[in-house]
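Visitor: Before we begin, could you show me the model and then let me ask how its descriptions are justified?
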Amino acid sequence: MDLLANLALGFSVALSPFTLFLAVVGCFLGTIIGALPGLGPSNGVAILIPLAFSLGLDATSSLVLMTSVYYGAMYGGRISSILLNIPGDEPALMTTLDGYPMAKAGRAGDALVLSGFASFFGALFATIGLMLLAPILSRIAYQFGPAEYFALYLLAFSTLGGIASSNQAKAALASCIGLGIAMIGLDNQTGMPRLTGGNLHLLDGIDFLVAIVGLFAVAEVFIFIESHGRGSSIGVKLDKVTLPVRELVRGIGTMIRCSVIGFIAGVLPGAGASLGSFLAYVAEKKWRGGESSGFGKGNPQGVIAPEAGNNSAAGGALVPMLTLGVPGSGTTAVLLALLMTLNITPGPTLFTDRPEVVWGLIASLLIANFVLLAMNVPLVKIFVKILTVPAWVLLPGVMMISFVGIFSLTGSYFDLLLMIVFGIIGWLFRKLNIPTVPIILGILLGKHMEDALRRAMILSDGDWTYLFSSGIAIGLWAFAVLGFVAPLFLRHLIKKPQAVSD
Amino acid sequence: MTKRLLRALATSAVLGLGATATYAAECIAPANPGGGWDFTCRQIGKILFDIGQVDKPVQVSNMAGGGGGLAFSHVVNERADDNELIVAASQATATRLAQNAYAGMTADQVRFVGAIGADPGVIVVAADSPYQSLGDMVDAIKADPGSVAFAGGSAAGGFDHLKVLMVLKDADFTDITSVKYIGVDGGADAITQTIGGFTQGMTGDMSEVVGFLQSGEVRALAVLTEERVPGFEDVPTAKEQGFDVVAVNWRGLYVPKDISDADFEAWGAKLQAVADSDEWKEAMAANGLAPFTKVGGDFQSWVDGVIADTVDLSKEIGVIQ
């Protein structure tokens, strides 16, 4: 009955009127951010973090706000996929495959409602899974020493670089750049400055929020300036919204299967929501009879499957993030940054040290889910309206929020310059198809990874075999190598389908 | 959202105006709200007013930066003769002054009024550890310095590290650089490492280990106080085991250097009144502090001693030259 007591604690935190208000605001903003093409959950959360700080919210409140935005964006991502054939974020890519054909066939309303319910189901499933699984995972804390932590961080890098990317070499390069940036500033052990070039602003290291906002939000604006806003008009009209009961009932099996697949994909460190929706779609297509199933031509089950999968994976990704401090996706990497700024170190001890934070978060996720269902099914028309906001209004807004946010956080003009530099790097890397998430991960985890390695070396008197001294460490090393290398050979087997070109 | 922001701005503007209009005593907490220094200022400030030692509520200002260095420099350079100013201090202030972490400023640039409570230092081991007493552990280290590694919440060279070294020095063990110590992120983390068997001992504050002691996952080998701590009478002191070491994270105050001796004495008397009050005893019990009262000249010479010891130890392990 521990679980119920914990949940009661959580709801006592999350059910205060102010927290509820934040959850509703977060869900609303999140859905909008998710729906707007190009502004995915990572960007949304990254832009809003500095704002949360300047509002002076306490740890629990900012966490509730940000996770509501996160879940909201996962819901919202489907709207532009279905109506515009432009995925709002990467995980929503699979939804375009059947959603857009449905919309073209005049069934946009059905597609939005079905996917709304599928999102709800997937997210609810994942939140319950998080509730049950996370406390168990957190007990393994005592098995983790410096060697194990080092291997764990390595696993995070290699799986994110392996499974989640399309080019290992580029992902590895990006990880190394991130690790290099993390080394800037005072050395934790000796207190000597490193790589600062004598610049006092660099003495405290580079704030990861500056890097995140630069690489994601500012780079997004640069990309837009270059492409000059092509493809921002509404493609399909939405007429009436009704409840397709029969297809919803038929889809229950799909939702259950895809939620399970998505959740597992989410729990694996580094895999995340994109993999969840992809695997869910592919598996469901197989289940329904492969090519003859009508998947890809506007089959409603083809909308349900990836949405249940990606929302379930989004929740599943919170498990390794909260219990091990290893983010399962780009967005959870950003959430990890948020937690660390709030002086909450996610990891095996979080559940015993800060139960009010964890269970408050879980309770607010449950609440956010119901809020989102209410917003996304009956009120979906409002969000469709927002898609008509022209990009020339939206993107300057993004730029302004980025500048104000970062400046209010650090009060340093140097950080603003740095943010622009990161924006340019982000733009360049997008051109070169180098993923930017591993850079963030490197900045976030680099110091911890270094500390773990140096502690291991102190304990073992510099004997490197200490890094492989336990079953857990060896297992993590094996998964790390496998996670990085295996996709090289599997890539031609599971080819990522591209968005349908019209 | 914008509305809230505006309201927050308006509120802070009003608060700012309010602050400049007050002429009561001020207590600077050299850190953000929520930590130990903030607690010291708020509790002492509140009790001073409640028991009638000051006639207006003490105003608390937070001045975070440089691990307390920013506030120290502010007091030394701008408020050196302000007799209405007190500043929260702790063992961390003394350690940092000793290790020259305040950009060349020294302890004699302010006057230490007193300490009225302390978080006792402890050395704990996992429940299944072979060491039954501090003596067992010290003997093991003397036989093979590499056989016992410690984890603590402070960085290498910080107070948690120094606690272990002080015990070993007292036992005439001189090769202290060979003792393994890893600094992790806080006391809880250090205990986890020790329960997991990655380190053999954990060094920290009593408040950090209370929960784990009660759950029976760790045993305390010694508490580094003069006498056993109320509420933890079954934990022996290092002193009664033959190691003359007292290392506590005391909580107290300093004042600017150039105030008159009469003003200095007055602050000492006020602090003593707080220490004797029931309100303070309750606050200590609620926050895991043990009684530790040293006020006035007695305290100043004690701090000087602590700093001198820290300087010697830090030089020996190479933290400072």
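The conversation below takes up chain B, one of its helices, a nonpolar core and two loop residues.

Guide: This is a predicted model, in which local features need pLDDT of at least 70 and side-chain atom pairs count only at pLDDT 80 or more, while totals for chains, interfaces and linings use all residues. Residues are numbered from 1 along each chain as its sequence is written, and chains are lettered from A and ligands numbered from 1 in the order in which they are written.

Visitor: How do you know whether the radius of gyration of chain B agrees with that of a compact globule?
Guide: The radius is taken over C-alpha atoms, and the globule rule is 2.2 Å times the number of residues to the power 0.38. For 321 residues a compact globule would come near 20 Å, and chain B has 21 Å, which agrees. The C-alpha trace of chain B spans about 65 × 50 × 40 Å along its principal axes.

Visitor: What makes a residue of chain B count as buried, and what percentage is buried?
Guide: A residue is buried if 20 or more other C-beta atoms, placed from the backbone, lie within 10 Å of its own, exposed if 12 or fewer, and partly exposed in between. In chain B, buried residues make up 45% of the 321.

Visitor: How is chain B divided into domains, and how many residues of each are in contact?
Guide: Bounds that come from an automatic or database domain assignment give domain 1 (2-118 + 250-317) and domain 2 (119-241) of chain B. With contact meaning C-beta atoms, placed from the backbone, within 7 Å, 13 residues of domain 1 of chain B are in contact with 16 residues of domain 2 of chain B. On the domain 1 side, the largest share, five residues, comes from α11(B).

Visitor: Why are the buried residues of α9(B) said to line one face?
Guide: Helices and strands here are DSSP runs, H or I over at least four residues for a helix and E over at least two for a strand, numbered from the N terminus. The buried residues of α9(B) are Trp267(B), Gly268(B), Lys270(B), Leu271(B), Val274(B) and Ala275(B). Taking the directions from the helix axis to the C-beta atoms, these buried residues fall within an arc of 165°, so they line one face of the helix. The face turned away carries the exposed residues Asp261(B), Ala262(B), Ala269(B) and Asp276(B).

Visitor: What do the buried residues of α9(B) pack against?
Guide: Their partners in chain B include α2 (36-50), β3 (85-90) and β4 (110-126).

Visitor: What makes a set of residues a nonpolar core, and how many residues has the largest?
Guide: The term covers buried Ala, Val, Leu, Ile, Met, Phe, Trp, Tyr and Cys residues joined through C-beta atoms within 7 Å. The largest such core has 252 residues, and Met66(A), Ile212(A), Val213(A) and Ile440(A) have the most contacts inside it. Helix α5 (residues 93-138) of chain A gives the largest share, 22 residues. Domain 1 and domain 2 of chain B both give residues to this core, so it lies between them.

Visitor: What makes the phi of Asp461(A) and of Asp172(B) worth pointing out?
Guide: Most residues other than glycine have a negative phi. Asp461(A), not a glycine, has a positive phi of about 55°, and Asp172(B) has one near 60°. Asp461(A) is found in the loop between α20 (437-459) and α21 (471-490) of chain A, and Asp172(B) lies in the loop between α6 (159-170) and β6 (180-183) of chain B.

Visitor: Are these two residues buried or exposed?
Guide: Asp461(A) has 10 other C-beta atoms within 10 Å and is therefore exposed, and Asp172(B), with 8 such neighbours inside 10 Å, also counts as exposed.

Notes:
Two residues are in contact if their C-beta atoms, placed from the backbone, lie within 7 Å.
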